[in-house]
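Me: Could you walk me through the cysteines and the core of this protein? I'd like to see the reasoning behind each answer.

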Amino acid sequence: MIETNETMVTEFVLKGLTDCPGLQVPLFLLFLLIYVITMVGNLGLIFLIWKDPHLHTPMYWFLGSLAFADACSSSSVTPRMLVNISNKGQMISLSECMAQYYFFGSSATTESFLLVVMAYDRYVAICNPLLYPVVMSNRLSACLISMSYVIGFLHPVVHVGLLFRLTFCRYNIIHHFYCEILSLFTISCTDPSVNALVVFIFAAFIQTFTFMTIIVSYTCVLYAILKKKFEKGRSKAFSTCCAHLLSVSLFYGTLFFMYVRPGSGRDKYQDKMYSLFYTIIIPLLNPFIYSLRNKEVLGALRKVIK
């Protein structure tokens, strides 16, 4: 009888980053600027790769696919965040909440597997340069990109499907700036233990598998670089790998802390900072991490400007 008398909640309030009214305008302008730079950086990189025939190689196709995933990841979170900052009373429906989580989860999972593909690409290019044109054929490159996106599209379906077993009643305030799945668990009237366990298992498996594969690939790559006799070839390969490893460290570091660490003693403000980093900051940084020291990309940019 108690359950039947409870009012089911179908709309939520996202509390955002802070409740301080004086910070709303500066935060809105800051994140609007970040979003514009993120989209210009990622979509601009995709345009350069499409425009310049010299960049029509597997490495740049993978990089363009990563840029697209970053653009999708940022677009799934930032526009809604800007709406919430400008209108604190703005509600988000349960279906919108699930859709937002799905699109972000899909982009993040796709990025994880694209980073593995990029690590494998560098492994073949540096450790087996003579076999590279044969091994990394156009067909295989397209298959690897397609597989990354298919896995990305399918993985969040599991968690969104399990969300339908939860009910939300009385309390409809989400202490976050987007519909992060762990925050939804905390306000559920149904025991979310099964959901939390599934999130942990999938996150631990995907992140551990992809991260370890990347580490093994780059260990072999770095060993091969150190064996190179020519200083020029060594410095170029080392520069490329350092950019990749920096991106990997930023991405996986925040995801491990957010989803794989023990759940006890969680701090909601700390969680917001981790989430802010992998939803907004990393998509902003990635195109610059991969481009600023890349002579081919900078050369393509100069051609377009001229």
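Reply: Happy to help; the questions below go through the disulfides and then the core of this predicted model.

Me: How many disulfides are found in the whole structure?

Reply: Let's go pair by pair. Cys 97 is joined to Cys 179, with an S to S distance of 1.8 Å. Cys 169 and Cys 189 also form a disulfide, their sulfur atoms 1.8 Å apart. A search of the whole structure gives a total of two.

Me: How far apart in sequence are the parts that Cys 97 and Cys 179 tie together?

Reply: Cys 97 sits in helix H4, while Cys 179 belongs to the loop between strand S3 and helix H7, so the pair ties together parts separated in sequence by 82 residues.
The torsion about this S-S bond is -100°, and the link is left-handed. To come back to your question, the separation is 82 residues.

Me: Is Cys 189 buried or partly exposed?

Reply: Its partner Cys 169 has a relative accessible area of 3% and is buried. Buried means under 20%, and exposed means over 50%. Cys 189 has 35% relative accessibility, so Cys 189 counts as partly exposed.

Me: Which residue of helix H2, H3 or another element is in contact with Phe 31, Met 81 and Phe 177?

Reply: Phe 31, Met 81 and Phe 177 are among the residues that touch the most other members of the largest nonpolar core, which has 58 residues. Helix H2, helix H3 and helix H10 are among the elements giving two or more residues to this core. Leaving aside neighbours within four places in sequence, the residue in contact with Phe 31, Met 81 and Phe 177 is Ile 280.

Definitions and conventions: Residues numbered from 1 in each chain as written. Predicted model: local features only at pLDDT ≥ 70, side-chain atom pairs only at ≥ 80, totals over all residues. Heavy atoms only, no water. Core = buried A, V, L, I, M, F, W, Y, C linked by side-chain atoms within 4.5 Å. Buried < 20%, exposed > 50% of the residue type's maximum accessible area, 1.4 Å probe, protein only. Helix = DSSP H or I, 4+ residues; strand = E, 2+ residues; numbered from the N terminus. Contact = heavy atoms within 4.5 Å. Disulfide = S-S within 2.5 Å.
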